[in-house]
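Grab a pencil and work through these exercises with the model open beside you. Try each task before you read its solution.

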Amino acid sequence: MRILFIGIALALLVAGPARAQGVLEHAGETLRLDPVYVDPEAERGISDEDADNLRALISDEDAGPLYIAVLPGSAIEEAGGSAAAALKEIAGTVAEPGVYAAVIGNAFRAGATERMLPQGEAGELAQEAIDTKRDAGTTAVLEDFVRRVGNARSSGAGASRGGGGGDGGGGLGWLWLAFLAVPLALFGLSRRRRRREEAAQFAQVRALARDDVIALGEEIRSLDLDMEMPETDREAKDHYALAVERYQQAEQALEGARRPEDLQPVSERLEEGRWAMEAARARMEGKPVPERRAPCFFDPRHGPSVADVDWAPPGGEPRPVPVCAADAVRIRDGDDPHTRHVSVDGREVPYWQAGPAYGPFAGGFFGGGLVPGLFVGSLLGGGFGAFGGEEAAAADQGDFGDFGGGDFGGGDFGGGDFGGGGDF
């Protein structure tokens, strides 16, 4: 019965659409994994590219933790008719310290948990952004707001610059400052550009990981009813329970991921969860449990590999790679395997050519022997890690409330008051 209850819970968590869950709750849950959420039905929705640029800008401007939601006007009704209350509800779901902002219908509201910004300042920054960029559109308003938050937090951190002192170095000091200004400026621009690129790459890899976690949850849900049958093999139920446990661990690891390195535990749990699902299916069909092998190299979602096959990428040298049964047949017949592609600079490329940010995520699938240094060019430069055995190794948002403010309380992230901003 415990497995049945877990399966039912997963069915509700994984398969339930945003509308059934509630727009505000779904937005808050998503923002726990991703700092920008755009509801597909939002009247003032922005493109995926604009959302990616916002993620990068948040990092570039040192504005985080900053959470942004773009939602349909129906979310205001869900919160009892108040856009500020809607934003407060989102912040309560995220339950993390930070600055929060939401475009809900034509309303723009913002606020922050205590100690992130002075009380009421986030709402004032939102009002300034909409006053300045209203005619330029939603994306321009949000970008302006992010920059203002970054500037406000930077100013707050460095507000205590000292006065005092005499002439000091006089003209010689200014000469040294002028001499150093150009290289320092170039270094700052390079660093900001690199951080922007890294943030955008991490957002892409995290989205890839999130898709894989959801896919495993859907697989688990598809066997839920079979697992509750009294005649189901005991060993099949045990493997199913392991898959459920690994799914939950992968979900938790993804929730806390902030850097590419944080995604390796996600893929490690996914790899074991997928194998456990294969084992459960095999026992349900009266077959022996399959050997624990690395996933299919061409797309780990294909599941555990069945053999190592010599294969060469275009212009590369042949080498053995683990493949699923279907890709083994394709290669044998002279066809291309079904490779997982990802978007890089507007081009679709095999995931092993997508850059070093994807390395830690792949490392969880293929073990430490494959990954170090290989994602700089191609993954195909090393061996695959050994497999085998049963086991492998929150919100002070300006003036939330109906422009009157109020105690934000609750959770572990302090109080705040919500409600500042304006309308488009």
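**Exercise 1. How many nonpolar, polar and charged residues are in the lining of the second largest cavity?**

Keep in mind that you're looking at a predicted model.

Step 1: Find the space. The second largest cavity has a volume of about 40 Å³.

Step 2: List the lining. Around this cavity you'll find Glu271, Arg274, Trp275, Arg293, Pro295, Pro300, Gly303 and Pro304.

Step 3: Sort them by class. You should get four nonpolar, one polar and three charged residues. If you hesitated over Gly303, which is in the lining, remember that Gly counts as polar here.

**Exercise 2. Work out which element gives the most residues to the lining of the largest cavity.**

Step 1: Start with the space itself, which is about 50 Å³.

Step 2: Write down the lining residues: Leu208, Asp212, Pro300, Arg340, Tyr351, Phe361, Ala362 and Phe365.

Step 3: Match them to elements. Two or more residues come from each of α9 and α14 (359-366). The winner is α14, with three residues.

Step 4: Check the classes too. The lining splits into six nonpolar, no polar and two charged residues.

**Exercise 3. Describe the second largest pocket and say what lines it.**

Step 1: Note the volume, about 610 Å³.

Step 2: Look towards the middle. The lining has 26 residues, and those closest to the centre are Ser59, Ala199, Phe202, Arg206 and Arg258.

Step 3: Ask where the lining comes from. The elements giving two or more residues are α4 (48-60), β2 (66-71) and α9 (170-222). Of these, α9 gives the most, with seven residues.

Step 4: Sort by class. You'll end up with 14 nonpolar, three polar and nine charged residues.

**Exercise 4. Is Gly150 buried or exposed, and which residues does it touch?**

Step 1: Locate Gly150, which sits in helix α8 (residues 138-157).

Step 2: Compare its accessibility with the cut-off. Buried means under 20%. Gly150 has a relative accessibility of 3%, so it counts as buried.

Step 3: Find its contacts. Skip the neighbours within four places in sequence, and Gly150 is in contact with Glu61, Asp62 and Ala63.

Step 4: Try a distance. Gly150 and Leu57 are 93 residues apart in sequence, yet their C-alpha atoms are 9.4 Å apart in space.

**Exercise 5. Show where the buried residues of helix α3 lie around its axis.**

Step 1: Pick out the buried residues in α3 (residues 23-31): Val23, Leu24, Ala27, Gly28, Thr30 and Leu31.

Step 2: Look down the axis. These buried residues fall within an arc of 165°, so they line one face of the helix.

Step 3: Recall the helix rule. An α-helix has 3.6 residues a turn, so residues three or four places apart point the same way.

**Exercise 6. Track down residues with a positive phi, starting with Asp62.**

Step 1: Recall what's usual. Most residues other than glycine have a negative phi.

Step 2: Check Asp62, whose phi is about 55° although it isn't a glycine. Asp62 lies in the loop between α4 and β2, and is partly exposed at 45% relative accessible area.

Step 3: Move to Ala95, with a positive phi near 55°. Ala95 is in the loop between α6 (83-94) and β3 (99-104), and is partly exposed at 32%.

Step 4: Finish at a hairpin. Strands β7 (residues 341-344) and β8 (residues 347-350) pair in the antiparallel sense over four bridges, with Val342 partnered by Val349. Two residues come between the strands, and Asp345 takes a positive phi near 55°.

Terms used. Residues numbered from 1 in each chain as written. Predicted model: local features only at pLDDT ≥ 70, side-chain atom pairs only at ≥ 80, totals over all residues. Heavy atoms only, no water. 1 Å grid on protein atoms, 1.4 Å probe; cavity = no way out; pocket = protein on both sides within 12 Å on 5 of 7 lines; lining within 4 Å. Points joined across faces, edges and corners; volume = space filled by probe spheres on them. Pairing = 2+ DSSP bridges. Buried < 20%, exposed > 50% of the residue type's maximum accessible area, 1.4 Å probe, protein only. Contact = heavy atoms within 4.5 Å. Arc of directions from axis to C-beta.
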